[in-house]
Amino acid sequence: MYSQGLIGADGATEETPEFLARFQARIDAEEKIEPNDAMPEGYRRTLVRQIGQHAHSEIVGMLPEGNWITRAPSLKRKAALLAKVQDEGGHGLYLYAAAETLGVSREQMTEELLSGKAKYSSIFNYPTLSWADIGVIGWLVDGAAIMNQIPLCRCSYGPYARAMIRICKEESFHQRQGYEIVMTLARGTPAQKEMAQDALNRWWWPSLMMFGPSDADSQHSDQSMRWKIKRFTNDELRQKFIDATVPQAEFLGLSVPDPELRWNEAKGGYDHGPIDWDEFWRVVKGGGQMNVDRIRDRKKAWDEGAWVREAALAHAEKRAARKAALAAE
Ligand code: FAQ
């Protein structure tokens, strides 16, 4: 068994150079780190931050699409959208559960979201104006999510890696349903094709921003790569996404809203125009079009769910008391 770091009088792990070296050796050997293993505090904090933000993104991400459930154009579309939004709720729950194995409660994480301390993905602060947005979210937003999340299935922290395997399978279905919606519109009437193009125009750049700041500005990438929490940098994943998605847009007969987009034979990928990082940081810091609405709606749902949490807790306590009484007989 892996030898623990030294435990100090206050119960904290003393992070001696030997302990840190042994921990890094486990990571380098591709061993999974499990909840009861000793780990550097920075590793634990990085995971709580990333998994928490990821969970919040799934839950807040239900809002822009949930907005269209009652307006889906057919029963088939409504059923698929309903299932997708429910999947996202499930993803949030697996991720909160994974973060809880690191000693943080779901209540604490939710409080941090509602107080603005914890972030969620910038992409969910843009409004969903037409039905085509629902298709484009599936195609681009879930597409970007998959590109980012497939490598997370190999994350060094076991519970996060295992949660990601199921999540990625479901995201793949979401991406396909989105692409199929956009394909139907792109092959429809001129007005429908225009609607698809308009949605692509509005969601393209925000989708590229989902991968986070450029490598030069990413604060956490270097350490997260060393700990094998992240397997690729933000720019590497963004490039992979662009290279995979541009041919899909061409197949649909839609144009990507980037006049500087060019195939670069030498690098074997596309060159692209500059990303508006001022917009990215404004949205991340709360200045996007929908930030206020998203947190207001999330708070309302959390407050209205208080009675369910209280009832579940009372039930669990009653069961525990009954079990204890039976055991004492
Ligand atoms: N939005 O140093 P880095 C989905 C923050 S998928 C907001 O590069 P890191 C599925 C970052 O947190 C979307 N903030 O950070 C779905 C940090 O701030 P901090 C969610 C962002 O962690 C689809 C600061 O900038 N996916 O929801 C963003 O190494 C459809 C510096 O950045 C995940 O969360 C952003 N876009 O890399 C649901 C995947 N980017 O924490 C519904 C897991 C960066 O110091 C419908 N997360 N920031 O205050 C990750 O892979 C990483 O956390 C990155 C950022 C790549 C997002």
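Leaving aside its neighbours within four places in sequence, which residues is Ser 214 in contact with? Select Ser 214 and display what surrounds it: Asp 235, Arg 238 and Trp 277 are in contact with Ser 214, once neighbours within four places in sequence are left aside. Contact here means heavy atoms within 4.5 Å. Ser 214 sits in the loop between α8 and α9, and it is buried, at a relative accessible area of 17%. Buried stands for under 20% relative accessible area, exposed for over 50%, and partly exposed for anything in between, with a 1.4 Å probe and protein chains only. Helices are DSSP runs of H or I with at least four residues, numbered from the N terminus.

**Before going further**

This is a predicted model, in which local features need pLDDT of at least 70 and side-chain atom pairs count only at pLDDT 80 or more, while totals for chains, interfaces and linings use all residues. Residues are numbered from 1 along each chain as its sequence is written, and side-chain values use heavy atoms, with hydrogens and water left out.

Now colour by pLDDT, the predictor's confidence in each residue from 0 to 100. The protein averages 95, and 96% of the residues score at least 70. Where does pLDDT stay under 50? Look at residues 1-9, for which the model has 20 contacts beyond four places in sequence.

**Stop one: helix α1**

Select residues 17-28, which make up α1. Put a distance label on its end C-alpha atoms and you get 16 Å, in agreement with the 16 Å that 12 residues should span at 1.5 Å a residue. (The expected span is 1.5 Å times one less than the number of residues.) Show side chains next: Phe 19, Phe 23, Arg 26 and Ile 27 are the buried ones to pick out. They cover an arc of only 100° around the axis, so they lie on the same side of α1; the arc is taken from the directions from the helix axis to the C-beta atoms. In general, an α-helix has 3.6 residues a turn, so residues three or four places apart point the same way. Rotate to the face turned away from the buried side and you find the exposed residues Pro 17 and Glu 18.

**Stop two: a pair with positive phi**

Step just past α1 to Glu 30, which has a positive phi of about 65° although it is not a glycine. Most residues other than glycine have a negative phi. Glu 30 belongs to the loop between α1 and α2 and is partly exposed, with a relative accessible area of 43%.

Now add Lys 228, another residue other than glycine with a positive phi, near 55°. Is Lys 228 buried or exposed? Lys 228 is buried, at 19% relative accessible area, and its place is the loop between α9 (221-226) and α10 (234-252). Not counting residues up to four places away in sequence, Lys 228 touches Ile 27, Asp 28, Glu 30, Arg 154, Cys 155 and Ser 156.

**Stop three: helix α2**

Select 41-60 for α2. Its 20 residues should span 28 Å at 1.5 Å a residue, and the end C-alpha atoms are indeed 28 Å apart. Of those 20 residues, 14 are buried. Centre on Leu 47 in this helix, buried with a relative accessible area of 0%. Beyond four places in sequence, its contacts include Leu 102, Cys 155, Tyr 157, Tyr 160 and Ile 229. Ser 224 is 177 residues from Leu 47 in sequence, yet 9.1 Å away in space, C-alpha to C-alpha.

**Stop four: α6 against α8**

Show 131-149 (α6) together with 190-209 (α8): their axes come within 9 Å and cross at roughly 35°. α6 passes α8 in a right-handed crossing. Among the residues making the contact are Trp 131, Trp 139 and Leu 140 of α6, and Met 195, Trp 203 and Trp 204 of α8.

**Last stop: Tyr 126**

Finish in the loop between α5 (106-114) and α6, where Tyr 126 lies. Tyr 126 is buried, with a relative accessible area of 14%. Not counting residues up to four places away in sequence, Tyr 126 touches Trp 203, Pro 206, Met 209, Glu 279, Val 283, Met 290 and Arg 294. For a long view, draw a line to Lys 32: the two C-alpha atoms are separated by 37 Å.

Notes. Helix = DSSP H or I, 4+ residues; strand = E, 2+ residues; numbered from the N terminus. Axes fitted to C-alpha atoms, helices over the stretch in contact; angles between N-to-C directions. Left-handed = near helix turned anticlockwise from the far one by under 90°.
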